[in-house]
Amino acid sequence: MDSIRVFAGDCTVSFEGSRDRTQRGRVVVVAKPDRTVLVHDAGGYQPVAWLTRADSLTVESGPGSFGLLARAGDQTLTVESNDVTGRAEYPASDAGVPVGSHPDTGDPLVRTNGSVVALDSGTEYRLPAGATVLDETCGDCGLPLMRVERGASFEVCIDRQCDPLDDHVKARLDGEWSCPDCGSPLRIIRRSGRLLAGCDAYPECETAFSLPAGVVVDDCDCGLPTFETSRGRRCLDSTCEGR
């Protein structure tokens, strides 16, 4: 698991780059896993110095001193201790919306950055775009269910190994439409990480369309289906101007 390092003491803080400034005071320095460095004093909520997602971060810590050097492009943040009050390292994870607990370990589950993550183990379940995590749990493994729209609405386990979304979409939509270029059936396939409706005559015909996050509500003027999405109605063919 990632960790956040915290240093406290009388420090000299220097910033060079978009603004040049040197400060000294009793501060708390926070070094995050993404190499962001924040320097806090006693006033206000905003750091007195910071460098976000540095390209490099060097930390030196001895028995009676510590120092940090963070660089990002032409910006440099340097922290040198004059007197050390304390230092510590704490486990850290992304914070997200609680969505239950892991059925086997009891590990809290949160939704964050397009995934459901177990806080303690770091186990991650990547979610398809537009997925909604439900209160209901999977009857097989006990993990939360999610609702995903890919031509139709499907409720499946967040663990794709347990209940693959692709299997449900194929069972419902495989061969449902015809290729507008050659008339062959459009098959539901996964290619380069994307769920597609691809021509059955491939590689002779390379026509393929990415399935949008939405449900089929009508037929487009071109003969392909029209999807209702969060951004409005659109044809399966994203380049088609019909509805």
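## Strands 15, 16 and 17

In this predicted model, strand 15 (residues 186–191) runs antiparallel to strand 16, and 6 bridges pair the two. One of the paired positions is Arg190, whose bridge partner in strand 16 is Leu195. The two strands make a hairpin with 2 residues between them. Ser192 sits in that turn and has a positive phi of about 55 degrees.

Strand 16 (residues 194–199) is mostly covered, with 5 of its 6 residues buried. Strand 16 also pairs with strand 17 (residues 208–210), again in the antiparallel sense, over 3 bridges. Here Ala197 stands opposite Phe209 of strand 17. In general, the strands of a sheet pair through backbone hydrogen bonds, and the pairing is either parallel or antiparallel.

## Domains

The domain assignment divides the chain into domain 1 (3–91), domain 2 (97–144 + 151–158) and domain 3 (174–235). The centres of domain 1 and domain 3, taken over C-alpha atoms, are 52 Å apart.

## The open sheet of seven strands

An open sheet is formed by 7 strands in the order 4-3-2-1-7-6-5, with antiparallel pairing. Strand 4 (49–51) and strand 5 (56–62) are at the edges; each has a single partner strand, so one side of each has no neighbour in the sheet. On average, neighbouring strands of this sheet are turned by 25 degrees against each other, direction ignored.

Within the sheet order, strand 2 is next to strand 3. Strand 2 (residues 21–31) and strand 3 (residues 37–40) run antiparallel and are joined by 4 bridges. Val29 has Val39 in strand 3 as its bridge partner.

## Two buried polar residues

Is Ser81, in strand 7 (residues 75–91), buried or exposed? Its relative accessible area is 15%. Buried means under 20%, so Ser81 counts as buried. A polar atom of the Ser81 side chain lies 2.8 Å from the backbone nitrogen of Phe66. Leaving out residues up to four places away in sequence, Ser81 touches Asp10, Cys11, Ser65 and Phe66.

Thr112 belongs to strand 9 (residues 108–112). Its relative accessibility is 10%, so by the cut-off of 20% Thr112 is buried too. The side chain of Thr112 makes a polar contact of 3.5 Å with the side chain of Asn113. Leaving out residues up to four places away in sequence, Thr112 touches Asp94, Ala95, Gly96 and Val117.

## Nonpolar cores

In soluble globular proteins, nonpolar side chains tend to be buried together. The largest nonpolar core here has 37 residues. Those with the most contacts inside this core are Val116, Val169, Trp177, Leu186, Leu211 and Leu236. Among the elements that give two or more residues to the core are strand 10 (115–118), strand 12 (132–137), helix 1 (165–173), strand 15 and strand 16. Where does the core lie relative to domain 2 and domain 3? Domain 2 (97–144 + 151–158) and domain 3 (174–235) both give residues to the core, so the core lies between them.

Trp177 touches Ser184, Pro185, Leu186, Ala197, Leu211, Val216, Pro225, Phe227 and Leu236, leaving out residues up to four places away in sequence. One of these contacts, Ala197, is the residue that stands opposite Phe209 in strand 17. Another core, of 19 residues, lies apart from the largest one and includes Phe7, Ala54, Leu68 and Ala72.

Note on methods: Residues are numbered from 1 along each chain as its sequence is written. This is a predicted model: local features need pLDDT of at least 70, side-chain atom pairs count only at pLDDT 80 or more; totals for chains, interfaces and linings use all residues. Side-chain values use heavy atoms; hydrogens and water are left out. Buried means under 20% relative accessible area, exposed over 50%, partly exposed in between (1.4 Å probe, protein chains only). Two strands pair if DSSP finds at least two bridges between them. Domain bounds come from an automatic or database domain assignment. Axes are lines fitted to C-alpha atoms, for helices over the stretch in contact, and angles run from 0 to 180 degrees between N-to-C directions. A polar contact is a pair of N or O atoms within 3.5 Å; within protein, one must be able to donate a hydrogen and the other to accept it, and residues adjacent in sequence count only if both atoms are side-chain atoms. Contact means heavy atoms within 4.5 Å. A nonpolar core is a set of buried Ala, Val, Leu, Ile, Met, Phe, Trp, Tyr and Cys residues joined through side-chain atoms within 4.5 Å.
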